[in-house]
Amino acid sequence: MIVRVALPVPLNRLFDYAIPQGVAMPSVGARVLVEFGQRHLIGIIHSLSDQTDVPSNKLKPFEALLDKEPLVDSEQIKLGEWAASYYKYPLGDALIHLLPNLARKEQQPFSEPDYWQLTNAADIESLPKRAVKQRALFTLIGAQQPISTSAIREAEFTAQVQKALIDTEQIEQCKAPSLAIPPIDSVQPSCAGLVLNDEQQRAVDRIKQSEGFDPILLVGVTGSGKTEVYLQSIEQALADGKQVLILVPEIGLTPQLVERFTARFNTNIASLHSGLTDRMRFDAWQSIRTGQSRIVIGTRSAIFIPFSNLGMIVIDEEHDASFKQQEGFRYHARDLALVRAKQLNIPVIMGSATPALESLLNVQQGRFQELQLTQRAGQAAAPTFELLDIKGVELDTGLAPDIISRIDDHITLGNQVLVFINRRGFAPTLTCQDCGSTIDCTRCDARMTLHRKPPKLHCHHCDRQTPIPRHCQNCGSDQLRPAGSGTERIEQRLSERFSNTNIKRVDRDSTHSRQAFETLMNEVNSGDPCILVGTQMLAKGHHFPNVTLVVIVNTDAGLFSADVRGMERTAQLIMQVAGRAGRAERPGEVVLQTQHADHPLLNTLVTSGYLTFAHQELVSRKQAQLPPYAYQAIIRAEAKNQGWAEAQLTRLRGALESTYSQAQLPMISGPFPSFMEKRAGMFRAQLMFTGDSRTSIQGTLKAAQNWLEKDKESSRVRWNIDIDPVDSF
Ligand code: ADP
Ligand code: ZN
Ligand code: ZN
């Protein structure tokens, strides 16, 4: 017998190894350590076989079997295999995604997490008075023992402090606490849910009746109580002893959301967010794999976790682009969730106020069942919309005078205001008043953004940062002026104008940590009048009950995008930002500044709502034969020298066209230089495929993948394949 091993290497195949003498028969799904060239790699056993193409004198035994029990089951391997094949990603590299980081890197992370307690001789007074940290850790362990190392790290004590206590025999390792697995039928709501309105009740009833594979699109306007519907819909699955996965967008995973689930259910909830260390993530992964965690709230990669008994998947904000990984393994978590749900024969609930056009078409074609929540829950009324025509209006730092006076009105009434501008920094660029030139990044075809806090020029594409120059590099003039406005500049202007009001800026620069962001949100929710100025960080997941006015500064930015989904994205963003307004008793008002107050789709959106807009947009996509009525793939390539990437894609296109007839191929366009040809010093190009069936795209891209892997000149370009791209740049 030999083992076929999936290894994290960019080759789309498995590797055969012999089983060393004296090693018991390994299980599929366990990890092995193997020699690969000069390296030692950790891989997953994909299958066992009694045949191999490797000549017996070349066949090496693997070095060590790392797990007695499989870490991932065969269903899970099937999902990984399906994804690798569908997204045209090397099999081993894809399968390794089934493991958390720690298990990919460390050979032996599977010891029980180590636990610590105070020794019998422990005495805090024997510690030096100056050893403040050691004393603090002593107190923590005393209060919480047995406590795991990862909990100690989470409380921000270093290994050094811990070691000092071990060395002086204050603490010792001890047995793990007995795992409190709740008996299966004990996972009942620990407090009563809200009394549902009729629409919510209908939705919950329908979902509870659901059996087997059953994709449901829950379309509910912002504030309609979708989360309450999820909470009551998963009761049944939990009471049946099943696990539930809740997938949320990157910025949707807030402590408030976790809090709502924790408050409702008396069970272990695993929340998988980006703030976890590898060890914490691993421990959470283990608790899901062994069935201890019954509710899992996570971002896209949670779809790969090997649940022991998954009974339902919920996808919140299903339209969100962060469900698609945009680099490396370019999978879409919503689409994989559907594959997984079908495999396990379980329901999947996709919720959104602004569903993706793909999902709406799936409803039209009868593949998804649609449930609607058209009213806001509780007392809240829907906000009113207004397009504010700024053609010919002189703006004050990007804001119309009319906007400033409305902000004034709302603040005077003691309310809060949200000003949305999708651009961080002080100004998008510095321009020379004398010769008109701008300051560009040397590594990208892009302008350097001006920041004031701290002062610098910053390229948002490659992260290059430079001091602010005094003189124009082109003509030497000292008349350099900021052009346009970002969050910092609007913040500055509003603090001058409303000097007695608290102005809070929310963007990636102002809120470095999760912690900082949460603190800020809590301050806002205390209810004092304030003006929030921010980017799309403000658009998701958070409720601002006291916000009564939402201003969208640069509505026009997304109206004329060359991307197929540009208008859809813009509409979703507008509705999501608008949805922050008036979520409690006070009604909300949404004002959009625009030069295009007569733009037909924008008018449809604000007067008739997102669904009417979306159905009109679907009609024009159908006429143009664009997604979701067509299927797309993009091959992107980049190289150090201009022209190389394009030349390679041209050869690829030639190879495809000489092997297949036109009827066998989808429509191919390009190669073209990318929208931003140069980025971070690399020159980029892309080739686009559009076909009317998945089959034609899949077949052609499989051939392209094989050709690129084999072609010698591919080694001087970096290339990747993007199936069902969510943006076409
Ligand atoms: P969504 O997820 O659709 O934006 P949420 O579930 O967060 O909406 O609900 C919005 C607000 O309405 C929350 O404060 C929630 O507590 C409240 N809410 C939801 N359902 C009800 C209900 N049936 N009765 C009263 N309040 C409700
Ligand atoms: Zn100049
Ligand atoms: Zn740059």
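**Ligand 1**

I began with the surroundings of ligand 1 in this predicted model. Its shell holds 17 residues, and Val195, Gln200, Gly223, Lys226 and Arg260 come nearest; a residue is near a molecule if one of its heavy atoms lies within 4 Å of it. I sorted the shell by class and found five nonpolar, eight polar and four charged residues. For that sorting, Ala, Val, Leu, Ile, Met, Phe, Trp, Tyr, Cys and Pro count as nonpolar, Asp, Glu, Lys and Arg as charged, and the others, Gly among them, as polar. Helix α8 (residues 226–239) gives the most to this shell, with three residues; helices are DSSP runs of H or I with at least four residues, strands are E runs of at least two, and both are numbered from the N terminus.

Next I looked up polar contacts, that is, pairs of N or O atoms within 3.5 Å. Valine 195 places a backbone N or O atom 2.8 Å from a nitrogen atom of ligand 1. Serine 224 also uses a backbone N or O atom, 3.3 Å from an oxygen atom of the ligand. From arginine 260, a polar side-chain atom lies 3.0 Å from an oxygen atom of ligand 1. On its own the ligand has 560 Å² of accessible area, and the protein covers 75% of it (Shrake-Rupley method, 1.4 Å probe).

A note on conventions: local features need pLDDT of at least 70 and side-chain atom pairs 80 or more, while totals for chains, interfaces and linings use all residues. Residues are numbered from 1 along each chain, chains are lettered from A and ligands numbered from 1 as written, and side-chain values use heavy atoms, without hydrogens and water.

**The zinc ions**

Which residues hold the zinc ion (ligand 3)? I found Cys441, Cys444, Cys459 and Cys462 as the protein donors, each through SG, at 2.2 to 2.3 Å; donors are N, O and S atoms within 2.8 Å of the metal (3.2 Å for Na, K and Ca). The site is tetrahedral, with angles of 105 to 114° among its four donor atoms (the term needs all angles between 85 and 135 degrees). Along the sequence the spacing is C-x2-C-x14-C-x2-C. Cysteine 444 sits in the loop between β18 (429–432) and β19 (449–452) and cysteine 462 in the loop between β20 (455–458) and β21, so the pair ties together parts 18 residues apart in sequence.

I then checked burial, where buried means under 20% relative accessible area, exposed over 50% and partly exposed in between (1.4 Å probe, protein chains only). Cysteine 444 is buried at 4%, and cysteine 462 is buried at 15%.

For the zinc ion (ligand 2), the donors are the SG atoms of Cys432, Cys435, Cys472 and Cys475, lying 2.3 to 2.4 Å away. Their spacing reads C-x2-C-x36-C-x2-C. Cysteine 435 lies in the loop between β18 and β19 and cysteine 472 in the loop between β21 and β22, so this pair links parts that are 37 residues apart in sequence. Cysteine 435 is partly exposed at 33%, whereas cysteine 472 is buried at 7%.

**Backbone oddities**

I found a cis peptide bond between lysine 453 and proline 454, with omega about -5°; proline 454 is in the loop between β19 and β20. Asparagine 345 caught my eye with a positive phi of about 60°, although it is not a glycine. Asparagine 345 is partly exposed, at 48%.

Definitions and conventions. Polar contact = N/O pair within 3.5 Å; in protein donor to acceptor, adjacent residues only side chain to side chain. Tetrahedral: all angles 85-135°; square planar, octahedral: opposite > 155°, others 65-115°.
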